[in-house]
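Colleague: Please take a close look at the salt bridges for me, and tell me how open to the surroundings their partners are.

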Amino acid sequence: MLLAHRIQLVPNAVQRDYFARAAGTARRVWNWALAEWLRQANAGKRPNAMTLKKRFNAIKYSDPAWLDENGQPWLRTVHRDAHAQPFANLARAWARCAEQRHQGRPVHPPRFKKKGRSHDSFYLANDRFRLEGMTAILPKIGQVAVREKLRWPGKIMGASVSREADRWFLSVQVDVPDHVAKLRRSRDDVVGVDLGVSAAATLSTGEKAAAPRPLKAWLRRLRIRSRRQSRKLEVAKKEAGIEGRIPKGTRLAASKNRTCGARRLARLHARIACVRKDFIHKLTTRLCRDNQTVVVEDLNVRGMMANARLARVIADIGFYEIRRQLQYKAQRYSTTVVIADRWYPSSKLCSECGVRNAGLSLGERTWTCSTCGVRHDRDVNAAINLQRLATGALAAQSALPVASPAVTPGTIVDAVSAGGGKVTPVRHEHGRQDSSGQEESGVHLCTPS
């Protein structure tokens, strides 16, 4: 199993300068390769990453655009992995773009990278560096102190050095043996997880995990620091005689005050991101460690982000990141992640009798079933219905039909206790559904990730 360990580096001033130059080299080579790719494509040719790489290797030490003020090839001061990997990354980006177009999804072609607006990173091949205890030996700069030892044994496949605010990290990819990568679960429960705004995750046990929402907590401080930085930039533009947008290729005079302000702003952004990631990591690890099956809904996060009133809250919680981490951590704990269909009416079904409340609006957080009289918390009720969708507790009732006969024999869910039991993932037949739910047509989708 391939696992990555992200280790913080403790470089000195010379090493920081080299990291910045290597990241800038990777960015500039990417822009050169992308421009050449687009030029060939517009000329009717079929560009290839390997051909572009060979052409670049032929000119990188002689072309005036890649020489310093003394006429020397400055690329020799940076290890070759930094300016060799962008071609492979560009090939993967265009392949992903073609796949998105083939699947009918929104297409996102590669973009040019701009200093200060792109993620600073560069690649290291596995035979160009090594880790010895609390030290990393990197090419060109030698020994760099690290905060912790490599977590896993196994073959190192590669690494990348990246920057987050003013901190540098080494992400090491390791091919870990299965007996080391696989972890044992503490329990074998089945849990339904309803993601929401008031509580980040509501479990079928009734527990609600409130998100820290760090962006909301530090939004005032973020606005203050952003305004300060904007004022410093306006002063620099005024001193340079620039009005409006800064012309392309123009660099403002370096200012220590503006540089320190940008660093403080970046630190605050990094702190917000770290608090959010810490919460999500702890939540998803606990769900995978304590349950043999976790059921979540297939939320349309892109559509939800289009709502101006909910976009900031949803982004502050991180719906997509919760699902992504659940899916890769489930492999380590041998946990099954079941994705309920997007149109499954988990909130509108009564978890006691299975009757559907068609008139339930988004603003109603509690409701009473007109048939059995049970009062439901909207989120807890949805989580219980998600759990029972996997366990098949209501499979015999009309609200949740059994699997289609076309399903492979042996995959139909047996009715078991809603509190747990062995779960067999089911793939029901499905088609295009309307907004009224799926219980009328008798087709649901419940697929393992």
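Modeller: A residue is called buried under 20% relative accessible area, exposed over 50%, and partly exposed in between (1.4 Å probe, protein chains only). The model is predicted, so local features need pLDDT of at least 70 and side-chain atom pairs count only at pLDDT 80 or more, while totals for chains, interfaces and linings use all residues. Residues are numbered from 1 along each chain as its sequence is written, and side-chain values use heavy atoms, with hydrogens and water left out.

Counting a salt bridge wherever a side-chain nitrogen of Lys or Arg lies within 4 Å of a carboxyl oxygen of Asp or Glu, the total comes to 26. One of them joins the side chains of Arg21 and Asp17, with 3.1 Å from N to O. Both of these residues belong to helix α1 (a DSSP run of H or I, at least four residues, numbered from the N terminus), where they sit four residues apart, about one turn of the helix. Arg21 is partly exposed at 35% relative accessible area, and Asp17, at 44%, is partly exposed as well.

Another salt bridge links Arg128 with Asp127, whose closest N and O atoms are 3.8 Å apart; here Arg128 is partly exposed at 40%, whereas Asp127, at 56%, counts as exposed. Arg187 and Asp189 likewise form a salt bridge, their closest N and O atoms lying 3.0 Å apart, with Arg187 partly exposed at 45% and Asp189 partly exposed at 28%. Beyond such pairs, Arg6, Glu164, Arg167 and Lys277 are joined into one network by salt bridges that share partners.

Terms used. Helices (H or I, at least four residues) and strands (E, at least two) are DSSP runs, numbered from the N terminus.
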